[in-house]
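Got a minute to get to know a new structure? Take a look below, and then we'll go through it in a few questions.

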Amino acid sequence: MSLLKPLGGEVTVHMRAPVEDVWALVSDVTRIGEFSPETFEAAWTHGATGPVVGARFKGHVKRNGVGPTYWTPCTVTKADEPGSNGEGVFEFAVGLDGNALNTWGYRMQPENGGTSVTEYFRLTPAWFMRGYWLVLGRLRGKTNERGMRTTLERMKSVLEGGNEA
């Protein structure tokens, strides 16, 4: 039965910054190298210049921060700027056209005079990904959660002017 559970994880960090500022930072993929322990650069591709659904970019990743190093093709799947309710979402699929291996994203909502930001990932529920998750999921999930927390804490530092909460 555990194979039917969602294949992924998430981390939430509160930031003393408006949702609009958080959304602008997390959706600027060209800045991810400043924050992520694995993805050290990204660039818009195929004529894309910003975060809209269908925009494509590639991320340059160093797995576990040490290697191997490779490029990942990505497509923006959600680019919901904060609306009247103050909530926003930025999400992208990793993989070749129509064959995403996983999805990464950020959910933002106003909370306590700032923004609650959740970074998440979900593996595509294909049989081979379920097999991978069964064998290595616990270890990889913990690595991803550490990486997401590091990413969010680094973003928080920038958004809060270098102050630690």
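Q: Before we start, what does contact mean here?
A: It's all about the distance between heavy atoms. Keep in mind that the model is a predicted one. Contact means heavy atoms within 4.5 Å.

Q: Which strands does helix H1 lie across, and at about what angle does it run to S6?
A: Helix H1 covers residues 19–26. It lies across S1, S4 (69–80), S5 (88–96), S6 (99–111) and S7 (114–123). Its angle to S6 is about 160°.

Q: In what order do the 7 strands sit in the open sheet?
A: The pairing in this sheet is antiparallel. S1 (8–15) and S2 (39–45) each have a single partner strand, so they stand at the edges with one side lacking a neighbour. On average, neighbouring strands are turned by 25° against each other, direction ignored. The order is S1-S7-S6-S5-S4-S3-S2.

Q: Over how many bridges do S2 and S3 pair, and which residue in S3 stands opposite threonine 39?
A: S3 spans residues 56–62, and S2 pairs with it in the antiparallel sense over 6 bridges. Opposite threonine 39 you'll find, in S3, valine 61.

Q: Is histidine 60 buried or exposed?
A: Histidine 60 is found in strand S3. Buried means under 20% relative accessible area. Histidine 60 comes in at 14%, so it counts as buried.

Q: With which side chain does the side chain of histidine 60 make a polar contact?
A: Histidine 60 touches several residues further off in sequence, including Phe40, Glu41 and Trp71. The polar contact between side chains, at 2.7 Å, is with glutamate 41.

Methods:
Residues are numbered from 1 along each chain as its sequence is written. This is a predicted model: local features need pLDDT of at least 70, side-chain atom pairs count only at pLDDT 80 or more; totals for chains, interfaces and linings use all residues. Side-chain values use heavy atoms; hydrogens and water are left out. Two strands pair if DSSP finds at least two bridges between them. Helices (H or I, at least four residues) and strands (E, at least two) are DSSP runs, numbered from the N terminus. Axes are lines fitted to C-alpha atoms, for helices over the stretch in contact, and angles run from 0 to 180 degrees between N-to-C directions. Buried means under 20% relative accessible area, exposed over 50%, partly exposed in between (1.4 Å probe, protein chains only). A polar contact is a pair of N or O atoms within 3.5 Å; within protein, one must be able to donate a hydrogen and the other to accept it, and residues adjacent in sequence count only if both atoms are side-chain atoms. Lists of a residue's contacts leave out its neighbours within four places in sequence.
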